[in-house]
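Colleague: Please take a close look at the interior of this model, with attention to its cysteines and to any enclosed space. Kindly state the cut-offs for each term as you use it.

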Amino acid sequence: MQEEPYTIAWDTKTDCIVYIDQTLLPGRYEQMRCETVEDLARAIRGLEIRGAPALGIAGAMGVALAVARSTETDLARLQADINRAADLLRSTRPTAVNLAWGIERVQRKVAMAASVAEAKTIAVAEALAVADEDELTCRRLGRFGEELFPADCTVLTHCNAGALACRCWGTALGVIRSAVEAGKNVRVIACETRPLNQGSRLTCWELARDEIDVTLIPDSSAAYLMRKGEIDLVIVGADRITKDAVFNKIGTYMHAVAAHHHGIPFYVAAPVSTFDLARTESEITVEERDRSELASCGDRQLAPDDVKVLNYAFDATPLDLVDAIVTEIGVLRPPYAESFRLVGKPALHREEGA
């Protein structure tokens with residue numbers, strides 16, 4: 001499989017963030033630089049940087065950027081700068097929990113610094129650790145998940161939960177990559193994923209680059225393909241997992257309902273950092289996107305000016321529609337109230353004891 005630069009990385013020579021601008025794909029591949037926290041916030045809001053694990057890294061690196069670029073010599077004033085930067089970054093994507101997780105992880109470490117110089121060293125080191133751990137997490141998650149795949153199968157996926165949504169490799173697509181690497185014959189059905197087309201623009205770009213068999217479909221045809229017997233399983237990523245639901249790109253819930261009706265396994269692949277088990281679905285703010293993303297395509301108007309648009313970015317899938325959640329500590333299965341007790345523990349062994 002083709003190796004590309006990391007989706008998001010820290011440039012140690014210039015103390016800035018380098019990332020792949022996902023809004024330009026598939027037509028153009030270009031790396032951008034963030035030299036200020038404001039630059040990073042704009043890139044996150046504009047979906048130049050997106051995907052739950054990648055947002056976790058962005059949050060961590062955003063705090064490191066605030067610390068590294070600060071001219072404050074007083075530790076208390078530096079902490080105030082960090083808090084302002086953290087609040088700005090946290091506000092950019094309210095539904096995805098990894099962003100806040102990455103921010104808070106570096107904040108906690110920096111709070112232990114005894115000097116400004118030590119704070120700068122700690123912040124960058126912790127942000128780099130978050131990125132390194134993400135790659136390891138995705139590789140482990142992929143190895144656990146590929147065991148769920150038959151030797152020959154057609155898999156439906158929605159949105160983009162691949163290398164572009166992480167540092168590299170991916171969650172849902174990481175499982176697919178791991179299955180292919182293990183020698184399995186995997187064909188992928190990728191939903192276009194309205195309204196921002198992360199499926200057609202990003203998932204198809206990734207899989208075609210890796211020479212993995214992929215076919216693009218409209219979101220609305222998935223249930224029909226299930227009824228025709230052309231889909232063996234569904235695997236998606238997640239932006240937040242509460243004690244009762246999985247939040248993912250809008251459209252995920254309808255695929256889960258259709259899969260349940262047709263007796264098709266529905267799997268979620270997500271790192272432990274995506275879990276928010278202190279909360280329930282009703283407590284989560286679901287992000288709404290701009291009207292223009294649905295009412296126009298480029299310069300072409302798709303809806304009359306006086307028509308209202310409701311443009312949710314995510315939906316919530318109840319856990320009773322999820323057959324398994326693949327994590328870096330193993331595969332969690334119902335009853336989830338029991339399985340979730342394992343979250344945060346260092347390892348969950350495979351059933352065969354490997």
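**Cysteines and enclosed space**

Modeller: For C153, the closest cysteine sulfur is that of C191, and the separation of 16 Å is too far for a bond. C153 is also buried, at 0% relative accessible area (buried means under 20%, with a 1.4 Å probe and protein chains only). This is a predicted model, in which local features need pLDDT of at least 70 and side-chain atom pairs pLDDT 80 or more, while totals for chains, interfaces and linings use all residues. Residues are numbered from 1 along each chain as its sequence is written, and side-chain values use heavy atoms, without hydrogens and water.

C166 is likewise buried, with 0% relative accessibility. Its sulfur lies 3.7 Å from the closest cysteine sulfur, in C138, which is too far for a bond, because a disulfide requires two cysteine sulfur atoms within 2.5 Å. The structure holds 0 disulfides.

As to enclosed space, the whole structure contains 1 cavity of 30 Å³ or more, a cavity being a set of points on a 1 Å grid over the protein atoms alone where a 1.4 Å probe fits but cannot get out. The largest cavity encloses about 220 Å³, the volume being the space filled by probe spheres set on points joined across faces, edges and corners. Its lining (residues with an atom within 4 Å of a point) comprises 25 residues, with R50, G51, C159, N160 and D239 nearest the centre. Helix α2 (52–69) and strand β9 (245–249) each give two or more residues to this lining, both being DSSP runs (helices H or I, at least four residues; strands E, at least two) numbered from the N terminus.

Terms used:
1 Å grid on protein atoms, 1.4 Å probe; cavity = no way out; pocket = protein on both sides within 12 Å on 5 of 7 lines; lining within 4 Å. Buried < 20%, exposed > 50% of the residue type's maximum accessible area, 1.4 Å probe, protein only.
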